[in-house]
Amino acid sequence: GKTIRERALALINIAHPDYRGELLDFVRTKHYVQADEEVWRQITERFPLDWVETRKFGEHELLVRPIRADDERKLQEFFYSHDPETIYQRYFHMKTQLGHEEAAMACSVDYSNRMAFAVFKRYEREAEKIVGIGRYELNHRSNIAETSFVVHEDFRGIGIGTYLLDRISEYAKDQGIAGIQSEILASNKQALDMHERLGHEMSYDEEDKVYRIEHRWERRRQPRRGREPHERASR
């Protein structure tokens, strides 16, 4: 069921590194991928196979692995499966589409400065669908990684979000990154509660209506949330 592009990238991913450059040149000349796609560095880098695992979450046995360039269509299907609230909490606006260029860029991580772990559910005929994803992008000036996470509505409450945060953090540490940070809307209570349980430093920006989260590995601070807007609203 893969497209020609997806098959080409998948085959190059499993080819010996010594031959990937030649295969990439062939793919370019055949126009199986667009010339401006940023898949080249990922394909020529070593895929972090040690970070692939199958885990049990509730009643589900799910595959967790670093995202690959050939996951573009799966990422688009994941995006279009969300309800409007999930999209708003992730993108901070009502985003209506995830086109080829943006999806390809999101999948073409370099396994160092830009990284993403995806959680997959296997269905009939071994088809895979993304049910959760966590990613980071490194700020080189601060050596802090900006993180973001999305879990499908049908797979929440079984530990996927916390696991992805732990997985991303461990990988970032392994890359020599000093810590993580993120911005979370006040309405995203589940994400805020997760960071609070983990003792991450939290501050509320009244102007932007977001919580700013920061956590450096060398220290663990108590959160400073006070009476948040989402708690007042719930009352």
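Axes here are lines fitted to C-alpha atoms, for helices over the stretch in contact, and angles run from 0 to 180 degrees between N-to-C directions. Helices (H or I, at least four residues) and strands (E, at least two) are DSSP runs, numbered from the N terminus. The model is predicted, so local features need pLDDT of at least 70 and side-chain atom pairs count only at pLDDT 80 or more, while totals for chains, interfaces and linings use all residues. Residues are numbered from 1 along each chain as its sequence is written, and side-chain values use heavy atoms, with hydrogens and water left out.

**Helices 1 and 2**

Select residues 4-14, which are helix 1, together with residues 17-29, which are helix 2: they pack at an angle of about 170°, and their axes are 10 Å apart. The two helices are therefore roughly antiparallel (an angle over 145 degrees). Next, show the side chains that make the contact (heavy atoms within 4.5 Å), namely Ala8, Ile12 and Asn13 from helix 1, and Arg20, Leu23, Leu24 and Val27 from helix 2.

**The sheet**

Now display the whole protein, which has nine helices and eight strands, and look for the open sheet of eight strands, whose order is 1-2-3-4-5-6-8-7 and whose pairing is mixed; two strands pair if DSSP finds at least two bridges between them. Strand 1 (53-57) and strand 7 (201-205) stand at the edges with a single partner strand each, so one side of each has no neighbour in the sheet. From one strand to the next, the twist averages 25°.

**Strand 5 and its partners**

Select residues 144-151, strand 5, where six of the eight residues are buried (under 20% relative accessible area, with a 1.4 Å probe and protein chains only), so this strand is largely enclosed by the rest of the structure. Add strand 4 (residues 128-139), which pairs with strand 5 in the antiparallel sense over eight bridges, and find Arg135, whose bridge partner in strand 5 is Ser148. These two strands form a hairpin with four residues between them, and in the turn Asn143 has a positive phi of about 60°.

On the other pairing, strand 5 meets strand 6 (residues 179-185) in the parallel sense over three bridges. The path between them passes through helix 7 (residues 160-174) in a right-handed β-α-β crossover, meaning that, with the strands pointing away from the viewer, the path from the first strand over the helix to the second runs clockwise. Among the residues to label, Ala145 stands opposite Ile180 in strand 6, and Ile144 has Gly179 as its bridge partner there.

Terms used. Buried means under 20% relative accessible area, exposed over 50%, partly exposed in between (1.4 Å probe, protein chains only). Angles under 35 degrees count as roughly parallel, over 145 as roughly antiparallel, 65 to 115 as roughly perpendicular and the rest as oblique.
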